[in-house]
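Welcome to a short tour of one protein chain. Have the sequence and the 3D view ready, and follow along one stop at a time.

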Amino acid sequence: MDSLAPPCSAPAASAAGDLPASVTSLLSAAPGPPSRRFLSHLLRGDAGASRPHTVFADRSQVETALEAGDNPLLYEAYRDIAPARNGWRADLVVYQPGTLPDGQPHRSIGHWNPPTQLEVFQTLSGTTLMLVAGHRGDGSRYAHQVTTRAGDVAVVPFGAWHLTYVLDGPAAVFNIYTDIHLDPDEAHPHQDGAKYRRAAAPGLVVVRDGDTDRPTSVTASQGEYGPPTPLPVPAWLGTWPLATHLPELHAHAPMTFLAALVRTALATETLGGPA
């Protein structure tokens, strides 16, 4: 697992007891302990690694809180929570509720996906908000957001940056991803720490305004990305069975279905990445 920077305060206990049985059963079958991410990771990353590109509404408030010993657990990431299948890998992240010193809900670090990576998320419990940003083929930039509750699915465009907030937690989010290779002899790599340093993060954050279902988007890149619009739903997602449970699909879907999913996504979506 990842090496972790030592927290400035005692780690908070995981709220696994507040999660539904479908999530706790996944956790009980995890092949190893999770990577635990604290507030300090948003600023400093892992020990011995370069810092991630993290944007804050007010960085000084976060730095002051850390200096005072306020370093809450944000989430626990269970990488490769299930065996890989035909190049598809699966993760589970359990986000803890709370608010950062600058007003943001507890969040992930955020990162850019590779330009050929297809990634699908499903919220299993709680409520999350995902920010997504990227670049179109003509060089213009886009920003999207989507609020997801238990059962909702979100698809990240190829090569996009994305960040997850927890609005109501603990929130469990399951994701599957694969790297599409035109050369069949290429390996299917797993996510690694380089994803946090692939490119600078867009100047997009979300802060609470008293309404956890409709927080306020704040952007320092208004001229580049503009305010986030609803995340589009790919047409190929309509070929999935209704009420798909993503962990079950990853574990039991026929290989032909997974292969067809990749072909359809590749035929209808544009490959791309940070520029």
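## A cavity inside the model

Let us begin with an enclosed space: the second largest cavity is lined by Phe121, Gln122, Thr123, Thr128, Met130, Val146, Thr148, Asp152, Val153, Ala154, Thr164 and Val173. A cavity here is a set of points, on a 1 Å grid over the protein atoms alone, where a 1.4 Å probe fits but cannot get out, and a lining residue has an atom within 4 Å of a point. This one holds about 60 Å³ of space, and the structure has two cavities of 30 Å³ or more. Volume means the space filled by probe spheres set on the points, with grid points joined across faces, edges and corners.

Which elements give two or more residues to this lining? They are E5, E6, strand E7 (153–156) and E8. E5 gives the most, with five residues.

## How to read the model

This is a predicted model, in which local features need pLDDT of at least 70 and side-chain atom pairs count only at pLDDT 80 or more, while totals for chains, interfaces and linings use all residues. Residues are numbered from 1 along each chain as its sequence is written, and side-chain values use heavy atoms, with hydrogens and water left out.

The protein chain has five helices and eleven strands. Helices (H or I, at least four residues) and strands (E, at least two) are DSSP runs, numbered from the N terminus. Of the 275 residues in the chain, 48% are buried. Buried means under 20% relative accessible area, exposed means over 50%, and partly exposed is in between (1.4 Å probe, protein chains only). Among contacts between residues at least 6 apart in sequence, 76% join residues at least 24 apart; a contact means heavy atoms within 4.5 Å.

## Two nonpolar cores

In soluble globular proteins, nonpolar side chains tend to be buried together. A nonpolar core is a set of buried Ala, Val, Leu, Ile, Met, Phe, Trp, Tyr and Cys residues joined through side-chain atoms within 4.5 Å. The largest one in this model has 29 residues, and those with the most contacts inside it are Leu92, Leu118, Phe174, Ile176, Trp236 and Trp240. Helix H1 (21–28), strand E2 (73–85), strand E3 (88–95), E5, strand E8 (161–179), helix H4 (246–252) and helix H5 (255–268) each give two or more residues to this core. Leaving aside neighbours within four places in sequence, Leu92 is in contact with residues including Val23, Leu26, Ile81, Leu124 and Phe174.

A second, separate core of 25 residues includes Leu74, Tyr95, Met130 and Val173. Two of these names may sound familiar: Met130 and Val173 also help to line the second largest cavity. Leu74 is in strand E2 and counts as buried because its relative accessibility is 0%. Try finding Leu74 and His106 in the 3D view: they are 32 residues apart in sequence, yet 5.8 Å apart in space, C-alpha to C-alpha. Beyond neighbours within four places in sequence, the contacts of Leu74 include Phe38, Leu42, Val94, Leu100 and His106.

## Salt bridges

Side chains of opposite charge can pair when their charged atoms come close. In a salt bridge, a side-chain nitrogen of Lys or Arg lies within 4 Å of a carboxyl oxygen of Asp or Glu. The structure holds four of them. One joins Arg36 and Glu76, with the closest N and O atoms 2.9 Å apart. This pair links distant parts of the chain, since Arg36 is in strand E1 (residues 35–38) and Glu76 in strand E2, 40 residues apart. Arg36 is partly exposed at 22%, whereas Glu76 is buried at 5%.

Another salt bridge pairs Arg89 with Asp80 (3.1 Å, N to O). Arg89 counts as buried at 17% relative accessibility, and Asp80 counts as partly exposed at 27%.

## A buried asparagine

Is Asn113 buried or exposed? Asn113 is buried, because its relative accessible area is 0%. Asn113 lies in the loop between strand E4 (111–112) and strand E5 (117–135).

The side chain of Asn113 makes polar contacts with two other side chains: that of Glu119 at 2.9 Å and that of His162 at 3.0 Å. A polar contact is a pair of N or O atoms within 3.5 Å; within protein, one must be able to donate a hydrogen and the other to accept it, and residues adjacent in sequence count only if both atoms are side-chain atoms.

Note on methods
1 Å grid on protein atoms, 1.4 Å probe; cavity = no way out; pocket = protein on both sides within 12 Å on 5 of 7 lines; lining within 4 Å.
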